[in-house]
Structure formats: structure tokens, C-alpha cells
Amino acid sequence: MKRFIILTIFTACAVYMFLKYGANAYTKQTYIEKRTLDMASPLDVTIDVEFLRELNPAYEQQ
């Protein structure tokens, strides 16, 4: 019974904190800075197919 009461208290605290701070508090704009998103975005989205065809595998299976 003691474990059930402790589990109930922890669950109530977790639900309270979830409701207080909000489930949707984080969005893409607030969680990741714009500067980081700009660095992660590709400058040119064209794929160089010829370059990919010229690549050799790291090992050859025999």
C-alpha cells in the first residue's frame, strides 16, 4: 500500500508539472534557434548525380 501511495504522489506531481509548463510549450521556432536552422539548411539542393556515380565503394565483396 505504501508503494501505491508513493506512486500516486509521483504521478500527481508529474501531471501537475505537465499541465503547468504545457505539453505544447516547445515548437520548432522556440526549441531550435533560427541561427542553427540556417546553418543546417542546404544552400543548394541540386544533387550531383555524376559525382555519385564516380564514387567507389570502400570495400569490394568477392
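Arg53 and Glu50 sit three residues apart in helix H4 (residues 49–54), so about one helical turn separates them. In this predicted model, the two side chains form a salt bridge, with their closest N and O atoms 3.4 Å apart. The spacing fits the general picture: an α-helix has 3.6 residues a turn, so residues three or four places apart point the same way. Side chains of opposite charge can then pair when their charged atoms come close. As for solvent, Arg53 is exposed, at a relative accessible area of 63%, while Glu50 is partly exposed, at 47%. A search through the whole structure turns up one salt bridge, and the Arg53 contact with Glu50 is a salt bridge.

H4 also has a nonpolar side to its story. Phe51 lies in this helix and counts as partly exposed, with a relative accessibility of 46%. Phe51 belongs to a nonpolar surface patch, along with Ile47, Val49, Leu52 and Leu55. Taken together, the five residues of the patch offer about 500 Å² of accessible area.

Zooming out, the fold is plain to describe. The protein has four helices and zero strands, and from the N terminus on its elements run α-α-α-α. What about a core? Buried residues come to 0% of the 62 residues in the protein. The protein exposes about 6,900 Å² in total, and 63% of that area comes from carbon and sulfur atoms.

At the N-terminal end of the series, helix H1 covers residues 2–21, which gives it 20 residues. H1 reaches 29 Å from its first C-alpha to its last, close to the 28 Å expected at 1.5 Å a residue. Right after H1 comes Gly22, whose phi is positive, near 85 degrees.

How much of this can be taken at face value depends on the confidence scores. The average pLDDT of the protein is 80, and 76% of the residues score at least 70. Confidence peaks in H1, at a mean of 92, and is lowest in helix H2 (residues 28–31), where the mean is 68. Where pLDDT is low, the predicted coordinates should not be read in detail. The span given for H1 thus concerns the helix with the highest confidence in the protein, whereas H2, with its mean of 68, has the lowest.

Technical notes. Residues are numbered from 1 along each chain as its sequence is written. Side-chain values use heavy atoms; hydrogens and water are left out. Helices (H or I, at least four residues) and strands (E, at least two) are DSSP runs, numbered from the N terminus. Buried means under 20% relative accessible area, exposed over 50%, partly exposed in between (1.4 Å probe, protein chains only). Accessible areas come from the Shrake-Rupley method with a 1.4 Å probe; for residues, only the protein chains shown count as cover. The expected span of a helix is 1.5 Å times one less than its number of residues. A salt bridge is a side-chain nitrogen of Lys or Arg within 4 Å of a carboxyl oxygen of Asp or Glu. Patches are made of residues with over 30% relative accessible area and no salt bridge: like charges are joined within 9 Å, nonpolar side chains (Val, Leu, Ile, Met, Phe, Trp, Tyr) within 5 Å. pLDDT is the predictor's confidence in each residue, from 0 to 100.
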